[in-house]
Amino acid sequence: MLDFPLWKRISLWAVTLLLALLALPSIAMLSGTDVPAAVENYEVNLGLDLAGGSHILLEADPSQVAGQRLESLEESVRQELSNAEPRIQIGDVSTADGRLSFMLDDPSEIDRAREVLTPLMNGNSLVREWDLSVVDGNRIVLTQTEQGLDQAVDDAMESATDVVRRRIDDLGTREPTIIRQGDDRIVVQVPGLEDPEQLKDLLGQTARLEFKLVDANALPSDVAQGIANPGSELVPYAEDSDFAGNFEAVRRLGGIRGDSLTNAQQSFDQQTNEPVVSITFDAQGGARFAQLSTENVGRRFAIILDDEVISAPNFNEPILSGSAQISGGFTVESANALAISLRSGALPVDLTIIEERTVGPDLGRDSIVAGAIAMGIGSLMVIVVMIATYGRFGVYATIALALNVLMVLGVMAFMNTTLTLPGIAGFVLTIGAAVDANVLINERIREERKRGRRVVAAVETGYKEASRAIYDANVTNFIAGVLLFLFGSGPIRGFAVVLIIGLFTSVFTAVTLTRMWVAGWLRNKRPSEIHV
Amino acid sequence: MKLLKLVPDDTNIKFLKWRIPFYVVSVLLIAASWALVLTKGLNYGVDFAGGQEITGTFLEEQDAPIGELRDTVGTLGLGDPVIQRFGEANQVSIRVRLPESAEGDPAAANRISTQIIDTVTAEHPDFRVDSNNTVSGKVSGEFRATALQALLFAMVAIAAYIWIRFEWQFGVGALFALFHDVSLTLGMFALFQMEFSLQIIAAILAIIGYSLNDTIVVYDRIRENLKKYRRMHLPELLDLSVNETLARTVMTSLTLLIALLPLLLFGPASLFGMVAAIVLGVFVGTYSSVYMAAPILIWLGVDSNSFVPEESVADRQDKKARGEI
């Protein structure tokens, strides 16, 4: 037990000093000193609760994706059946319960209809996307397959994550973290953000832009009562627009979607000096917009963003340049936000913010200082008590304690983990608990001496007998720590990380290192009496 | 140098003599804790209740004008805001429930926080917003579920480990001691209506781990003594084990406490609840490993044969062959 050959001593010291040295860049960073760029990679990350910044959890609604798929399936089915030679007539179309069902006018065409529709059932991907079944001989029912929907939700989330990333990059914030979580969530973390409101506005905006013709035949009295002509629908004005609270009747079909933009910029209207958003279509979108405007000169069209009318201006003349201006009660900020959203593309699904945590930059700095002071006082008191109680063995324990703190930080830096506010509590707890192993060992040595064992035998038995309890205690703490890590969210994980690393390093420093030192002392001085 | 001895060498306190009154008191305390949790309820923070919480500092004032804030923020029509001192005397936390319509609607949640901050800064331009948290009902529900799962999992997993390492009686004893610690901590939070957040769950899990340290040390010694003193009466043996490990129990609790107290007193305000829970847990956990975990072994029928491996048929034949029987 007390045998430490040279190679063992050298390797133990090497591990200890290496890990302790790894802590130095982090200590410099935490105390506010500039860290040389060469060692910057070996700093612990600071959690948002210490560095300041925003944590935002976004969630999509998978049923929205299901609805969109159903809608586009309906469009393709109608198109395929009417393109068939001869055309297949259908009626009684329904999209209730997440299924598309329709009746064939002529039941004898059922096999031909099935043949025409079969290619639609398997999408581009490898999974089968729709199930086709025939009911009562003349009704076709199309049901989404679970794999098909999962795949679609997955695709939608993947591209939503990209869109979110583009939007945040566009804001020019530094080092944002954007990761998908689970099936339908995205976590966004932006450190040191000045204006979280702007970020939230940006993420909450789906940015689905549509241009639809205003139904010129709609009677204002009908619109007021919520009645739309066949082929038209009522769309509310946006809250920030000039006509908030009113509705506009627009033609359902024949509009243009704004997903074919190449650019969007905030600018000012040349006449009114009002903030506007200038958009540029790609070639195809530009051509369609030119056609729409040419055919409808003098008529009004509605600019619809996320199912709300922003404004409904006139086509004064054909717009052939492929670019246009959107106006409608914008401020510079809201116009800028919309421009960013449009540039980054529309979100394939609406994202709602279900959790947001923002910490100001000053609070984190205060917390680090307060935590460091408390840790200093606490360690000092532990050191005094340990030395007063165990003398020389207390000195060994406190050196081990100091090395332990450095090593925890060093391992954290090496593994690139994050230090959070509860992590500071974890450090203090580790300081208080790490000496437990030494207490166990030293008390046992006291006991063994009392029973009359000689010095070396007492020390040896002390280490041996105490190590069983130390081992069990650390395993149970490890179980608690792992559960803490698995179940905890960001800051709590930081606490768990410190505790878990602390368990390993404290066994190393408090048991192995002190044993090496005690063994060295016993060998060199051969004391006949020890004060424990 | 004369070394400090917190527990004199010849300490022999008859802990187990008083086990029944102590048990009665502890069971009553557990019952009282649960009664408090069920009647008074826990003061859930935004993590578990959902809603919006803004914390901030009045940079140029000695004391946060809490009464005034209750009046001004209370009249905004945001339901019943909870306004508390938070850390220093000039720091506050303002908590409101989100109206149903604002759930998941960032614009509405934004408006509410802007409204509150504008109202406060109109009167007090020195108000600095330190943090702003919004948690929807869905997420807070998930937090409640995972917190409960984590606590149950931890208790069961640890009890199972003790069972494997010792005997089933020890596992039950440890589980009961943990249940005691968790119950009393919850009871304290219900009694003083301190904010109950995710951090407190983390604290309780840490307590579970550390309270168990004590229990294990005592159990380890009991096991050792059971093998050593085969004829000793169990209550006597338990007393001996507890007394032998008492110096260590006191010392470890002491180092934990003196490390934690400065953090409680001078540490960051947002850690206060968490550290308070751990400090409380150190006391409760030390007590429970002496008075809950050890005596229960008597009632669960541990005896000196618990750790003697049962002889197998082969062993017996061996012995017979050697003429030992």
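Two residues are in contact here if their C-beta atoms, placed from the backbone, lie within 7 Å. Keep that cut-off in mind for the first stop. The model is predicted.

**Stop 1: a helix pair in chain A**

Select α12(A), residues 392-414, and then α13(A), residues 421-450. Two packed helices are described by the angle between their axes and the distance between the axes. Here the axes of α12(A) and α13(A) come within 10 Å and cross at roughly 145°. The crossing is right-handed.

Now show side chains. On α12(A), pick Phe393(A), Ala397(A), Leu401(A), Asn404(A), Val405(A) and Val408(A). They meet a set on α13(A): Phe427(A), Thr430(A), Ile431(A), Ala434(A), Val435(A), Asn438(A) and Asn442(A). Colour this contact by residue class: 9 are nonpolar, 4 polar and none charged.

**Stop 2: where the chains touch**

Display both chains. Chain A gives 65 residues to the contact and chain B gives 62. On the side of chain A that touches chain B, the elements giving two or more residues are α7 (196-204), β18 (351-359), α11 (361-390), α13 (421-450), α14 (455-487) and α15 (490-525). That side of chain A holds 36 nonpolar, 16 polar and 13 charged residues.

Zoom in on β18(A). Strand β5(B), residues 127-135, runs antiparallel to β18(A), and 5 bridges join the two. To find the register, pick Arg357(A); Asn133(B) in β5(B) stands opposite.

**Stop 3: along β2(B)**

From β5(B), move to β2(B), residues 51-58. The two strands pair in the antiparallel sense over 8 bridges. Thr57(B) stands opposite Arg128(B) in β5(B). β2(B) also pairs with β4(B), residues 88-96, through 6 antiparallel bridges. There, Glu53(B) has Arg95(B) as its bridge partner.

How many residues of β2(B) are buried? The count is 8 of 8. Gly51(B), Glu53(B), Thr55(B) and Thr57(B) point one way. Gln52(B), Ile54(B), Gly56(B) and Phe58(B) point the other way.

**Stop 4: the largest nonpolar core**

Select Val428(A), Ile158(B) and Leu205(B). Within the largest nonpolar core, of 199 residues, these three touch the most other members. Helix α7(B), residues 198-228, supplies the largest share, 18 residues.

Centre on Ile158(B). Beyond its neighbours within four places in sequence, Ile158(B) is in contact with Thr476(A), Ile479(A) and Ala480(A), as well as Ala174(B), Leu178(B), Ile208(B) and Leu212(B). A second, separate core has 15 residues, including Ala64(B), Ile94(B), Leu98(B) and Ile112(B).

**Stop 5: two open sheets in chain A**

Hide chain B. An open sheet of 4 strands follows the order β12-β9-β15-β16, with antiparallel pairing. β12(A) (256-257) and β16(A) (308-311) are the edge strands. Inside, β9(A) (209-213) and β15(A) (301-305) share 5 bridges. Pick Leu213(A), and Phe301(A) in β15(A) stands opposite.

The next open sheet has 3 strands in the order β13-β14-β17, again antiparallel. Why do β13(A) (261-268) and β17(A) (323-326) each have one side without a neighbour in the sheet? Both stand at the edges with a single partner strand, so one side of each is left free of a neighbour. The twist averages 25° from one strand to the next.

β14(A), residues 275-281, is joined to β17(A) by 4 bridges. Ile279(A) stands opposite Ala324(A) there. Last, add helix α10(A), residues 332-343. The helix lies across β13(A) and β14(A), running at about 170° to β13(A).

Definitions and conventions: Residues are numbered from 1 along each chain as its sequence is written. Chains are lettered from A and ligands numbered from 1 in the order in which they are written. This is a predicted model: local features need pLDDT of at least 70, side-chain atom pairs count only at pLDDT 80 or more; totals for chains, interfaces and linings use all residues. Ala, Val, Leu, Ile, Met, Phe, Trp, Tyr, Cys and Pro count as nonpolar, Asp, Glu, Lys and Arg as charged, and the others, Gly among them, as polar. Two strands pair if DSSP finds at least two bridges between them. A nonpolar core is a set of buried Ala, Val, Leu, Ile, Met, Phe, Trp, Tyr and Cys residues joined through C-beta atoms within 7 Å. A residue is buried if 20 or more other C-beta atoms lie within 10 Å of its own, exposed if 12 or fewer, and partly exposed in between; C-beta atoms are placed from the backbone. Axes are lines fitted to C-alpha atoms, for helices over the stretch in contact, and angles run from 0 to 180 degrees between N-to-C directions. A crossing is left-handed if the near helix is turned anticlockwise from the far one by less than a right angle, and right-handed if clockwise.
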